[in-house]
Amino acid sequence: MKQSCLRAGVLISGTGSNLKALINAIDCQQLNLKIVRVVSNRGDAAGIKHAKLAGIPVSVISKLDFPERQSHDNAVADVLQKSDADLVILAGYMRILGEDFTNRYCGRLINLHPSLLPLYKGLDTYNRVLQAGDSETGASIHFVNADLDSGAVISQVKIPVLPDDDALSLRARLGPMEHRLLVATVKLFCNGLVQYGNGAVLYRGREIAQPLQLGNDGSFL
Ligand code: GRF
């Protein structure tokens with residue numbers, strides 16, 4: 001039976017390359033997804049242009065207009081609700097969301113993070129990986145709860161750390177892998193294969209002990 005089209009809100013703060021990857025996948029009919037709204041907390045976020053070109057409505061909700069977190073979160077939640085978003089995707093959204101917001105969207109709010117969680121929560125992940133001398137790193141997609149980068153991890157992709165790597169080269173190599181991971185993971189939601197239950201990830205109705213790993217062919221191992 002064909003699944004109905006999932007409605008997503010995408011929150012961004014920066015270049016929006018992951019938003020663009022989602023738009024491309026929709027255009028290629030790889031994803032049965034409708035992005036019903038893009039929200040940026042910055043009016044100068046370069047990613048806004050991707051939304052506009054694709055005809056997706058954009059809301060800029062700035063902390064200049066809503067200096068308190070609660071009122072900012074409420075404004076974001078209001079536009080998402082008016083857009084009737086089923087799933088909320090944090091794709092490079094650099095503002096922390098408070099507990100009321102994360103509770104309201106519990107199980108429907110996911111974030112893309114550039115490390116193999118639970119390692120390196122927070123910022124500056126590439127330099128911390130290099131300083132630790134890790135031989136691999138990667139990206140994770142997790143359900144969002146009130147604790148930073150701490151919700152149940154749905155999926156990951158790994159890349160090796162090469163001897164000459166610096167933070168820029170790591171970021172450049174991880175970027176395209178993040179795009180693939182995001183598209184493949186959102187596809188699981190579109191196909192009704194992933195849910196949230198009792199603080200854990202349910203894949204095909206069963207709790208998973210480890211995050212799903214993206215293979216080289218772009219599907220999960
Ligand atoms: C990604 O590296 C993601 O892991 C992090 O923010 C970055 C967003 O990049 N949370 P873009 O704005 O999608 O290009």
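**A tour from the ligand to the sheet**

Begin by selecting G16 together with the ligand: a backbone N or O atom of G16 lies 2.8 Å from an oxygen atom of the ligand. Please bear in mind throughout that this is a predicted model.

Next, add T15, where an N or O atom of the side chain is 2.5 Å from an oxygen atom of the ligand. Then select L112, which has a backbone N or O atom 2.9 Å from a nitrogen atom of the ligand. On its own the ligand has 370 Å² of accessible area, of which the protein covers 82%.

Now display the surface around the ligand. The space that the ligand takes is the largest pocket. Two elements, α1 (17-27) and β5 (109-113), give two or more residues to the shell around the ligand. To show the whole shell, select T15, G16, S17, N18, G92, L112, H113, P114 and E178. Colour these residues by character: two are nonpolar, six are polar and one is charged.

From the ligand, turn to the strands. Eight of them form an open sheet with mixed pairing, in the order β3-β2-β1-β4-β5-β6-β7-β11. At its edges, select β3 (58-60) and β11 (212-213), each of which pairs on one side only. In general, strands of a sheet pair through backbone hydrogen bonds, either parallel or antiparallel.

For the final stop, select β2 (residues 33-40) with β3: the two strands run parallel and are joined by three bridges. Label V38, which stands opposite V58 in β3.

Key. Residues are numbered from 1 along each chain as its sequence is written. This is a predicted model: local features need pLDDT of at least 70, side-chain atom pairs count only at pLDDT 80 or more; totals for chains, interfaces and linings use all residues. Side-chain values use heavy atoms; hydrogens and water are left out. A residue is near a molecule or strand if one of its heavy atoms lies within 4 Å of it. A polar contact is a pair of N or O atoms within 3.5 Å; within protein, one must be able to donate a hydrogen and the other to accept it, and residues adjacent in sequence count only if both atoms are side-chain atoms. Accessible areas come from the Shrake-Rupley method with a 1.4 Å probe; for residues, only the protein chains shown count as cover. On a 1 Å grid over the protein atoms alone, a cavity is a set of points where a 1.4 Å probe fits but cannot get out, and a pocket is an open set with protein on both sides within 12 Å along at least five of seven lines; lining residues have an atom within 4 Å of a point. A molecule sits in a cavity or pocket if more than half of its atoms lie within 2 Å of its grid points. Helices (H or I, at least four residues) and strands (E, at least two) are DSSP runs, numbered from the N terminus. Ala, Val, Leu, Ile, Met, Phe, Trp, Tyr, Cys and Pro count as nonpolar, Asp, Glu, Lys and Arg as charged, and the others, Gly among them, as polar. Two strands pair if DSSP finds at least two bridges between them.
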